[in-house]
Amino acid sequence: MSPSKLNSNDDESVSTSQPENGFLSSISLLNSEKAVQELLQQAPVQQNDDHLIEFSEALRNMSLEENHRDDDKREHLARQSNKHLEQCCGSNGLCSHEVLQDKEANSDSKVIPDKYTRKASFKLSWCCKGEYSDQHKHDIVSFERGNITTAERSSKQISLKWESDPQTVLILTKPNSTSVQILCAEMVSWLKEQKKLDIYVEPRVRTELLTESSDFNFVHTWKDDNEITHLHRKVDLVVTLGGDGTVLWAASMFKGPVPPVVPFSLGSLGFMTPFYSEHYKECLDSVLKGPISITLRHRLMCRVLRDAAKNEYETEEPVIVLNEVTIDRGISSYLTNLECYCDNSFVTCVQGDGLILSTTSGSTAYSLAAGGSMVHPQVPGILFTPICPHSLSFRPLILPEHVTIRVQVPFNSRSHAWVSFDGKDRKQLRPGDALVCSMAPWPVPTACLVDSTSDFLRSIHEGLHWNLRKTQSFDGPRDT
């Protein structure tokens, strides 16, 4: 909320709080009127008394009118919320009215046939070594007596605590796996019978469950993509059964806010899947009770700008990636020629096989294979990693989270380039086309087995055998 101030010649001011959605509540109006009356009772203010009295009378009239507009305002707010949902989330990140608060059933049954159940609310807090802190992300520098010092940093573990019990779980599975199908059937039955939860699965999985037994007719699913866009309003928790690819698939289903994800390891490599399927009952019981440690995995929002577009607003639908966006030469035998800009400042011209723009969660994927650094997933940054550059001095970069990166195919390029998002949705970039990437406002909250740092270190030790070598013999030469 941004306060609006009425200043006098003596630098005295009265502030009226501006509630959300641009509506003044009757309470705030009465408070504003009371503040004006108190100001009038103080020492006279030259040349401004008449204005304050008129302002007080106007507030009183607005307060009386407000009581007759409550019903119209609620209907207007509901329409505005549905119409501008994506725009609101784009400006405010994780919207509290969508994720962090309970939500009543939507009256618009044409959009979603099923009634909305009340969403489970939860609270995120920073904690370190078991101690909770109210430290906010921006409070990392303090200015005391003219000296600049760093306060407690925000790079602490993040804890999620349920404020109301979860009621709806979405289960996503790796396809074409018999072991996963068996585990999914067991988990669905246990969550329904023991935890009394509503279960959502993909249409494919529901068909598999009903083929096995008609007792699974209580399982919910969706009919079209339009219903998928509203899943975040109904689902309190997402469970994935598979590898990192299943987590990527789960993240791609949510174009906006993402519910907490509990990833179980049933794949080959598991950098993002710390939970073991053999102990799913204990794990889910602990998650449902809370509190749990989570990792906020940042995502990139990518837009393709065509040279043929008449203006900058004629862009294709944005694509959000959890791992990386890759620009390469495709089947062409020529080097890619890519001009790169960071916040309109020229960075470099990439001449090689291509370029990877990666999140820190994707630092252990394609970027690692191309020579990029491994970065803790909770570090907010964008990895700028060239693919086989034809230069001995072209080293990878790590850029801050707030920048916007623009990669353009110049008109003098010998060939086209190709862009892919998390390894799929491949598109061609012609000379003059550009790719614009920035940090998306909606991270993917994944549950931790221990905490964010312990899970990350365990994943690179077990998954990559990082720095594994024999220990030096102790009976060799020694310094004297």
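Trainee: In β19, which residue is the bridge partner of isoleucine 356?

Mentor: The bridge partner is threonine 385. Strands here are DSSP runs of E with at least two residues, helices are runs of H or I with at least four, and both are numbered from the N terminus. Before we go on, this is a predicted model, in which local features need pLDDT of at least 70, side-chain atom pairs count only at pLDDT 80 or more, and totals for chains, interfaces and linings use all residues. Residues are numbered from 1 along each chain as its sequence is written, and side-chain values use heavy atoms, with hydrogens and water left out.

Trainee: How do you know that β18 and β19 are paired?

Mentor: Two strands pair if DSSP finds at least two bridges between them. Strand β18 (residues 345-358) and β19 have six bridges, in the antiparallel sense, so the pair passes that test. On β20 (residues 397-400), β19 has an antiparallel partner joined by four bridges, and there phenylalanine 384 stands opposite leucine 397.

Trainee: What makes β19 largely enclosed?

Mentor: A residue is buried at under 20% relative accessible area, exposed at over 50% and partly exposed in between, using a 1.4 Å probe on protein chains only. In β19 (residues 381-389), seven of the nine residues are buried, so the rest of the structure largely encloses this strand.

Trainee: Why is α10 described in a similar way, as largely enclosed?

Mentor: Eight of the ten residues of α10 are buried, and therefore the helix is largely enclosed by the rest of the structure. The buried residues include Asp244, Val247 and Met253.

Trainee: What makes alanine 250 count as buried?

Mentor: Alanine 250, found in helix α10 (residues 244-253), has a relative accessible area of 3%, so it is called buried. Beyond its neighbours within four places in sequence, alanine 250 is in contact (heavy atoms within 4.5 Å) with Leu172, Val238 and Thr240. Alanine 250 and threonine 173 are 77 residues apart in sequence, and their C-alpha atoms are 9.3 Å apart in space.

Trainee: How do you know that the span of α6 is close to what is expected?

Mentor: The expected span is 1.5 Å times one less than the number of residues. Helix α6 (residues 178-193) has 16 residues, for which 22 Å is expected, and it reaches 23 Å from its first C-alpha to its last.

Trainee: Why is leucine 183 called buried?

Mentor: Leucine 183 lies in α6 and has a relative accessible area of 9%, which means that it is buried. Apart from neighbours within four places in sequence, leucine 183 is in contact with Leu241, Leu266, Ser277 and Tyr280. Among the elements that the buried residues of α6 pack against are β8 (168-173), α7 (203-212) and α11 (280-289).

Trainee: Aspartate 422 and asparagine 467 both caught my eye. Why does aspartate 422 count as buried?

Mentor: Its relative accessibility is 18%, so aspartate 422 counts as buried. Asparagine 467, at 63%, therefore counts as exposed. Aspartate 422 has a positive phi of about 50 degrees although it is not a glycine, and asparagine 467 has a positive phi of about 55 degrees, again without being a glycine. Aspartate 422 sits in the loop between β22 (417-421) and β23 (424-429), while asparagine 467 lies in the segment after α13.

Trainee: How many cavities of 30 Å³ or more does a search of the whole structure find?

Mentor: The search finds two. On a 1 Å grid over the protein atoms alone, a cavity is a set of points where a 1.4 Å probe fits but cannot get out, and lining residues have an atom within 4 Å of a point. The largest cavity has a volume of about 80 Å³, and the second largest about 60 Å³. The lining of the largest cavity includes Phe271, Arg297 and Ser459; Gly270, Cys448 and Arg458 are among the residues lining the second largest.

Note on methods. On a 1 Å grid over the protein atoms alone, a cavity is a set of points where a 1.4 Å probe fits but cannot get out, and a pocket is an open set with protein on both sides within 12 Å along at least five of seven lines; lining residues have an atom within 4 Å of a point. Grid points are joined across faces, edges and corners, and a volume is the space filled by probe spheres set on the points.
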